[in-house]
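Let's take a walk through this model, starting where the ligand sits and moving on to how the helices pack. Keep the 3D view open and turn it as you read.

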Amino acid sequence: MRDKVDLGPSQAVSNYDVIIAGGGMAGLITAASIGFSTKGNARVLIIDRNKEDEPGKKTNNGWTCGDATSKRSLDYLSEHIGVRYGSPELEHPVSGVYVYSPDRQTKVLFEGEGYLFNRKLAPRRQVNDAKKFGTEFMYGATAERLLSEDGRVTGVSGRKSDGTTFSLTAKVVIDATGSSSVLRRFIPISSMIEKEIDMDDVVGTGRYILDFEPAVDAPEFFSPDYCIIHLDQFIAPAGYAWVFPKGKKKVNIGLGVSHSGLARRNRRFKLNDNLQSLIDKYLTDNPVIKKYAQPSDDADSGNTKGNWQVPVRRHNDCMVANGFAVVGDSAWMPRPIDAGGISPSIYGGTILGKVVAEALEAGDTSEAGLWKYNVEYMNTHGYPMASFEVLRRYLQSVTNEQINYGMKYFLSEEDVTAITERKHPEFNQARFMNPAMWFRVLGQLSLARGLRYTVKKSAALVEINLSYPESPKGFEDWQKRLGRELTETVEKFKPLDVAN
Ligand SMILES: Cc1cc2nc3c(=O)[nH]c(=O)nc-3n(C[C@H](O)[C@H](O)[C@H](O)COP(=O)(O)OP(=O)(O)OC[C@H]3O[C@@H](n4cnc5c(N)ncnc54)[C@H](O)[C@@H]3O)c2cc1C
């Protein structure tokens with residue numbers, strides 16, 4: 001293993017192959033993947049603003065996350081780069097997710113094994129995985145700007161916690177700094193990477209991690225074996241609330257809301273709630289979790305209460321530029337309907353690492369040399385994301401009453417299976433052509449029409465995404481096609497003024 005980097009003020013080093021800004025979920029997996037694919041022969045540096053003993057920490061409030069991810073993505077990781085997580089980074093297994101309608105009359109089970117991560121402990125393991133391949137680390141260092149020359153990104157500059165500055169160069173710089181990225185926003189070269197996200201495509205989320213003594217047995221409020229999601233436009237406007245088990249008597253409980261959805265709800269009901277007050281009310285209303293405490297042991301201390309933001313649009317249409325790539329939340333990868341960003345970081349980081357290794361080997365780290373990352377991510381994990389963005393917009397536009405009705409009458413087993421398999425549901429029960437359903441469809445005609453519209457759009461969007469251009473050449477035309485399909489839906493699904 002190489003020595004730890006110790007750089008003096010403004011010292012420029014120019015022999016890195018790759019610099020990864022941000023050593024969180026996406027950055028650490030990317031580093032391991034580069035190491036695996038190059039057999040440790042690339043010189044990789046991770047820069048992170050955290051202290052060395054707090055890797056992967058997102059904000060001062062900790063490693064804020066719902067912590068849930070699918071076994072499927074973990075299997076992908078072990079199959080592709082030989083990394084298999086276990087205890088203590090995987091804290092608790094689950095068998096699936098129950099989604100409850102606002103009136104709690106309908107519950108839908110999305111089967112599929114998954115795990116609750118310990119996000120504080122996981123990065124320690126991931127740092128060791130990356131170090132095995134010789135990855136170097138520079139902690140207490142905030143990346144502030146990308147360096148560029150002749151139309152390509154050549155490095156990154158920033159400031160260390162002792163106030164000194166640094167300026168480092170590399171063949172490829174990867175932005176894995178999460179949802180607040182400034183590197184992507186101020187990319188200094190001409191590129192096809194979108195810089196800004198619409199604030200309506202960001203949700204405010206927050207949660208507690210708590211040890212508790214169950215007060216009653218009420219499986220719709222806590223189950224040690226299943227993640228629970230509560231849909232309710234009043235409790236979590238244009239978002240959802242969750243109760244995820246981290247043990248038989250330990251829970252991750254929280255919710256996510258769209259900022260504008262919350263503002264509209266507050267106006268309508270003359271309320272003054274904010275994200276934290278909504279989370280606190282949701283916790284207070286849970287009849288199972290009454291006697292609780294925030295755990296104070298090393299595994300959880302400093303990580304029991306926190307809020308942070310998650311992008312919920314499709315991933316950036318282009319994720320590479322000359323000498324540069326984005327991954328994870330910085331690339332807006334979380335799934336639009338549930339804000340799950342761990343799986344996308346696993347897929348994205350694994351694919352990016354492999355493509356960077358190939359580009360280094362070929363001596364071409366230009367936009368064209370890195371393009372395969374766009375294509376492979378889209379074909380593997382990204383292709384349904386635009387359709388989920390449309391479904392998310394639609395779900396944000398319906399009332400609690402419509403969600404109750406839709407979940408009860410229009411959601412079939414096939415739809416549930418489709419969503420579990422990361423496909424857009426067909427909503428065949430909402431077809432007017434289905435005589436058995438006429439009565440139901442007539443009962444909620446606009447809901448049925450809306451659902452069917454998302455199906456039609458989904459097919460078109462998936463088809464467009466699966467014909468993502470093989471090289472930068474076709475990108476402009478492809479993006480115009482995608483844009484035309486999406487613009488129509490933005491206009492069609494006006495945000496719900498508020499739920500009843
Ligand atoms: C409340 C909440 C609940 C969630 N629940 C789930 C869930 O249940 N399942 C799921 O799959 N996803 C969930 N997510 C999303 C998931 O947590 C993220 O998608 C995931 O952490 C993204 O990883 P990342 O590496 O891209 O970014 P991050 O995890 O944010 O890591 C970014 C890293 O970059 C560092 N950094 C940032 N800026 C700089 C800088 N300028 N210079 C140097 N270093 C920098 C940070 O210190 C950090 O180490 C949730 C998110 C939130 C907020």
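## Two domains around the ligand

Domain 1 (12-65 + 120-197 + 313-381) and domain 2 (92-117 + 199-309) each supply at least three residues to the shell around the ligand. The domain bounds come from an automatic or database domain assignment. Before going further, note that this is a predicted model: local features need pLDDT of at least 70, side-chain atom pairs count only at pLDDT 80 or more, and totals for chains, interfaces and linings use all residues. Residue numbers start from 1 along each chain, following the sequence as written.

How many residues surround the ligand? There are 41, and the closest are G24, G66, G178, G328 and G341. A residue is near the ligand here if its C-beta atom, placed from the backbone, lies within 6 Å of it. Elements giving two or more residues to this shell are α1 (25-38), β3 (68-70), β7 (141-149), β10 (202-214), β15 (305-311) and α6 (342-362). Those labels are DSSP runs numbered from the N terminus, with helices being H or I of at least four residues and strands being E of at least two. By residue type, the shell has 13 nonpolar, 21 polar and seven charged members. In that split, Ala, Val, Leu, Ile, Met, Phe, Trp, Tyr, Cys and Pro count as nonpolar, Asp, Glu, Lys and Arg as charged, and the others, Gly among them, as polar.

## How the chain is divided

Alongside domain 1 and domain 2, the assignment gives domain 3 (385-492). The centres of domain 1 and domain 2, taken over C-alpha atoms, are 30 Å apart. Their contact takes 14 residues from domain 1 and 16 residues from domain 2, where two residues are in contact if their C-beta atoms, placed from the backbone, lie within 7 Å. On the domain 1 side, that makes six nonpolar, five polar and three charged residues.

## Helix α1 and its partners

Helix α1 turns up again when you look at packing. The axes of α1 and α6 come within 7 Å and cross at roughly 35°. Axes here are lines fitted to C-alpha atoms, for helices over the stretch in contact, and angles run from 0 to 180 degrees between N-to-C directions. The crossing is right-handed; a crossing gets that name if the near helix is turned clockwise from the far one by less than a right angle, and is left-handed if anticlockwise. Residues making the contact include M25, A26 and I29 of α1 and I342, S345 and I346 of α6. The contact counts 12 nonpolar, nine polar and one charged residue.

What about α1 and helix α3 (residues 122-132): how do their axes cross? They come within 8 Å and cross at roughly 25°, which makes α1 roughly parallel to α3 (under 35 degrees counts as roughly parallel, over 145 as roughly antiparallel, 65 to 115 as roughly perpendicular and the rest as oblique). This crossing is left-handed. L28, I29, A31, A32 and G35 of α1 meet P123, Q126, V127, D129 and A130 of α3, a set with seven nonpolar, two polar and one charged residue.

## A helix pair further along

Helix α9 (residues 385-396) and helix α13 (residues 445-465) have axes that come within 8 Å and cross at roughly 160°, so the two are roughly antiparallel. Their crossing is right-handed. From α9, the contact uses A386, S387, V390, L391 and Y394, and from α13 G450, T454, K457, S458, L461, V462 and N465. That comes to six nonpolar, five polar and one charged residue.

## Two backbone details

S87 and P88 are joined by a cis peptide bond, with omega about 5°. P88 lies in the loop between α2 (71-81) and β4 (90-100). D67, in the loop between β2 (44-47) and β3, has a positive phi near 75° despite being a residue other than glycine.
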